[in-house]
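Trainee: I would like to learn how the words used for a structure are justified, so may I ask about them one at a time?
Mentor: Please do, and we will set each value against its cut-off before we conclude anything.

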Amino acid sequence: MAEGSLKVAAIGDIHVGETSVHPYRELFREISDRADVLVLAGDLTNHGKPREAEVLAEDLRGIGIPVVAVLGNHDYECGHVEEMQHILEQAGVRFLDGNPQEIRGVGFAGVKGFGGGFENRMLDAFGESAIKQFVHEAVNEAMRLESALRQLETERIMVVLHYAPIADTVRGEPPEIFPFLGSSRLAETIDRFHVRAVVHGHAHHGSYSGKTMRGTPVYNVAQTIEKESGRPYALIEV
């Protein structure tokens with residue numbers, strides 16, 4: 001590990017259920033011994049229920065290292081986002097969601113992101129109002145990420161997303177659902193800044209790594225993805 005670098009453990013799509021009993025306590029203890037920071041890349045819960053957040057909070061308490069997170073689409077399902085976030089914040093989780101954090105000289109910027117497709121196959125805001133609203137959501141998430149990145153003054157930056165910013169890390173999923181797994185609008189924003197690494201989840205059957213057009217490394221850290229660490233989480237130095 002390079003002098004002054006930060007070792008980040010990143011995992012997404014842990015999907016904690018309300019009837020689970022300490023589903024990640026041992027894994028989080030392992031992570032606290034191997035990493036300086038834990039990053040949770042969305043879909044923390046199955047349905048965004050407060051009880052699910054309480055189960056996760058119980059496993060996170062006392063982890064001993066900083067925890068930063070973004071939400072995923074599953075976390076919005078039941079409409080209790082604020083209550084769920086409050087429960088997890090009480091357990092020490094720092095939600096990025098457009099609010100960047102600095103930890104030991106590394107800046108963390110993140111948003112949930114949204115769909116819309118990749119590169120020259122991105123959906124355009126043309127036609128029905130429903131299509132325009134869909135594209136507006138994708139553009140808005142990219143703008144919120146840009147705002148967060150502009151607030152950081154650190155030389156080293158990690159971006160945390162739930163939806164993918166590039167197509168390479170969703171390959172392995174059915175091509176028909178690519179537009180619902182992410183958007184290149186996120187990558188276009190990332191490439192305007194000096195970002196060291198990007199992590200995301202959402203694509204459970206995608207691929208572990210890829211790069212933006214500018215060459216920024218992107219890692220799909222969904223729990224189900226095989227990683228270089230040999231564990232459900234990725235270990236990334238920034």
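Trainee: What makes S209 count as buried, partly exposed or exposed?
Mentor: In this predicted model, S209 has a relative accessible area of 44%. Buried means under 20% and exposed means over 50%, so S209, at 44%, is called partly exposed.

Trainee: Where does S209 lie, and which residues does S209 touch beyond its neighbours in sequence?
Mentor: S209 belongs to strand β9, and once the residues within four places in sequence are left aside, S209 is in contact with T169, V218 and Y219. As for V198, its C-alpha lies 9.8 Å from that of S209, and the two residues are eleven places apart in sequence.

Trainee: Why is β9 called an edge strand?
Mentor: The open sheet has six strands in the order β5-β6-β7-β8-β10-β9, with mixed pairing. The strands β5 (101-103) and β9 (209-211) each pair on one side only, and that is what the name edge strand expresses here. Neighbouring strands of this sheet are turned by 25° against each other on average, with direction ignored.

Trainee: How do you know that β8 and β10 are paired?
Mentor: Pairing needs at least two bridges between two strands, and three bridges join β8 (residues 197-200) to β10 (residues 217-220), so the condition is met. These two strands run parallel, and H200 stands opposite N220 in β10.

Trainee: What makes you say that a helix packs on this sheet?
Mentor: Helix α4 (residues 129-151) touches β6 (106-110) and β7 (156-160), and the direction of α4 makes about 165° with that of β6.

Trainee: Why is the pair E141 and R144 called a salt bridge?
Mentor: The limit is 4 Å between a side-chain nitrogen of Lys or Arg and a carboxyl oxygen of Asp or Glu. The side chains of E141 and R144 meet at 2.8 Å, N to O, so the pair qualifies. Both residues lie in helix α4, three residues apart, about one turn of the helix.

Trainee: Which of the two, E141 or R144, is buried?
Mentor: E141 has a relative accessible area of 5%, which is under 20%, and therefore E141 is buried. R144 has 23% and is therefore partly exposed.

Trainee: How do you know that R34 and E30 form a salt bridge as well?
Mentor: Their closest N and O atoms are 3.8 Å apart, which is within 4 Å, so this pair also meets the definition. R34 and E30 are separated by about one helical turn because they are four residues apart in helix α1. R34, at 37%, is partly exposed, and E30 is partly exposed at 23%. E30, R34 and R231 are linked in a network of salt bridges.

Trainee: Why would residues three or four places apart in a helix point the same way?
Mentor: An α-helix has 3.6 residues a turn, so residues at that spacing point the same way.

Trainee: What makes R29 and E26 another example?
Mentor: Their side chains meet at 2.9 Å, N to O, within the limit of 4 Å, so they too form a salt bridge. Both lie in helix α1 (residues 25-34), three residues apart. R29 is partly exposed at 46%, whereas E26, at 54%, is over 50% and is therefore exposed. A search of the whole structure finds 13 salt bridges.

Trainee: How do you know that the buried residues of α1 line one face?
Mentor: The buried residues of α1 are L27, F28 and I31. Seen down the axis of α1, they fall within an arc of 95°, so they line one face of the helix. On the other side, E26 and D33 are exposed. The buried residues pack against β1 (7-11), β2 (37-41) and α2 (50-60).

Trainee: Which residues touch the most other members of the largest nonpolar core?
Mentor: That core has 30 residues, and F28, I31, L38, L40, L60 and L88 touch the most other members. The largest share, five residues, comes from α2.

Trainee: What makes S184 buried or exposed?
Mentor: S184, found in helix α5 (residues 184-190), has 6% relative accessibility, which is under 20%, so S184 counts as buried. Leaving out residues up to four places away in sequence, S184 touches G117, F118, E119, M122 and P165.

Notes
Residues numbered from 1 in each chain as written. Predicted model: local features only at pLDDT ≥ 70, side-chain atom pairs only at ≥ 80, totals over all residues. Heavy atoms only, no water. Axes fitted to C-alpha atoms, helices over the stretch in contact; angles between N-to-C directions. Contact = heavy atoms within 4.5 Å. Buried < 20%, exposed > 50% of the residue type's maximum accessible area, 1.4 Å probe, protein only. Arc of directions from axis to C-beta. Core = buried A, V, L, I, M, F, W, Y, C linked by side-chain atoms within 4.5 Å.
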